[in-house]
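User: I am new to reading protein models, and I would like to learn how to look at one step by step. Could you take me through this example?

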Amino acid sequence: MDVQHFERITAFIEARLTPLFDAETGSERGFSMDDTSRALRALRNSVLEASAIKGLIEKREAAEPAMRRVIDQSVEHNWDVLRGIARQWEDHADFRHEFKHHAWELDHHHAAAQA
């Protein structure tokens with residue numbers, strides 16, 4: 001699992017959400033206090049929070065084993081949050097197969113590709 005996985009999935013989700021906030025497309029959603037706008041803001045905030053793991057991944061290598069396990073759990077949890085959101089657009093042309101995988105599956109594929 002690396003930062004690029006998170007960058008790709010976040011960019012994919014943001015590309016789906018950004019037009020929903022774009023006033024130029026006539027959207028009034030996202031800015032109001034109606035339930036749909038609130039839900040869109042909450043979803044966007046969840047995506048931004050789950051994707052903010054770059055510092056954790058960078059600290060992993062130097063971390064002690066106990067801290068490394070905590071980092072791994074946090075990274076896996078945040079990946080699962082993003083994966084669950086991205087899979088709502090599984091039929092989209094830009095959806096990548098890697099968005100279906102669990103974090104440990106990505107680690108396995110990455111290790112196999114390097115061998």
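Analyst: We will go from the overall fold to the aromatic rings and then to the charged side chains, keeping in mind that this is a predicted model.

User: Let us begin with the fold, then: how many helices and strands does the chain have?

Analyst: A good habit is to list the elements before looking at any side chain. Here the chain has 5 helices and 0 strands, so that, read from the N terminus, the order is simply α-α-α-α-α.

User: How much of the chain counts as buried, and what supplies the exposed area?

Analyst: Of the 115 residues, 32% count as buried, while the chain exposes about 7,400 Å², with carbon and sulfur atoms supplying 52% of that area. It also helps to ask how contacts span the sequence: among contacts between residues at least 6 apart, 56% join residues at least 24 apart.

User: How many aromatic pairs are there, and how should I read one of them?

Analyst: The count comes to 4 aromatic pairs, and for each one you look at the distance between the ring centres and the angle between the planes. Phenylalanine 12 and phenylalanine 95 have their centres 5.8 Å apart and their planes at 75 degrees, which makes the pair edge-to-face, because an angle over 60 degrees counts as such. Next, place the partners on the chain: phenylalanine 12 belongs to helix 1 (residues 3–17), whereas phenylalanine 95 is in the loop between helix 4 (65–86) and helix 5 (103–114), so the pair ties together parts that are 83 residues apart in sequence.

User: Are these two rings buried or exposed?

Analyst: Phenylalanine 12 is buried, at a relative accessible area of 5%, and phenylalanine 95 is buried too, at 12%, because buried means under 20%.

User: What other ring pairs with phenylalanine 12?

Analyst: Phenylalanine 99 does, with ring centres 5.3 Å apart and planes at 45 degrees, so this pair is tilted. Phenylalanine 99 is in the loop between helix 4 and helix 5 and phenylalanine 12 in helix 1, so the pair ties together parts that are 87 residues apart in sequence. Both phenylalanine 12 and phenylalanine 99 are buried, and together Phe12, Phe95 and Phe99 form one aromatic cluster.

User: Which charged ends sit over rings?

Analyst: Among them is the charged end of arginine 16, which sits over the ring of phenylalanine 12 at 4.6 Å from its centre. The charged end of arginine 44 sits over the ring of phenylalanine 21, 4.2 Å from its centre.

User: How many salt bridges does the search find, and where should I look?

Analyst: The search of the whole structure finds 9 salt bridges. One of them joins arginine 44 to glutamate 14, the closest N and O atoms being 3.3 Å apart, and this pair links distant parts of the chain, with arginine 44 in helix 2 (residues 35–51) and glutamate 14 in helix 1, 30 residues apart. Glutamate 14 counts as buried at 18% relative accessibility.

User: How exposed are the partners in the salt bridge between glutamate 61 and arginine 60?

Analyst: In this salt bridge, where the N to O distance is 3.7 Å, glutamate 61 is exposed, with a relative accessible area of 63%, whereas arginine 60 is partly exposed, at 26%.

User: Which residues form a salt-bridge network?

Analyst: Start from arginine 96 and glutamate 98, whose closest N and O atoms are 3.0 Å apart in a salt bridge. Salt bridges that share partners join Arg8, Arg96 and Glu98 into one network. Within this network arginine 96 counts as partly exposed at 39% relative accessibility, while glutamate 98 counts as buried at 14%.

Terms used
Residues numbered from 1 in each chain as written. Predicted model: local features only at pLDDT ≥ 70, side-chain atom pairs only at ≥ 80, totals over all residues. Heavy atoms only, no water. Helix = DSSP H or I, 4+ residues; strand = E, 2+ residues; numbered from the N terminus. Buried < 20%, exposed > 50% of the residue type's maximum accessible area, 1.4 Å probe, protein only. Contact = heavy atoms within 4.5 Å. Areas by Shrake-Rupley, 256 points an atom, 1.4 Å probe, with all protein chains shown as cover. Phe/Tyr/Trp six-rings, centres within 6.5 Å; stacked < 30°, edge-to-face > 60°. Lys NZ or Arg CZ within 6 Å of the ring centre and 35° of its normal. Salt bridge = Lys/Arg side-chain N within 4 Å of Asp/Glu carboxyl O.
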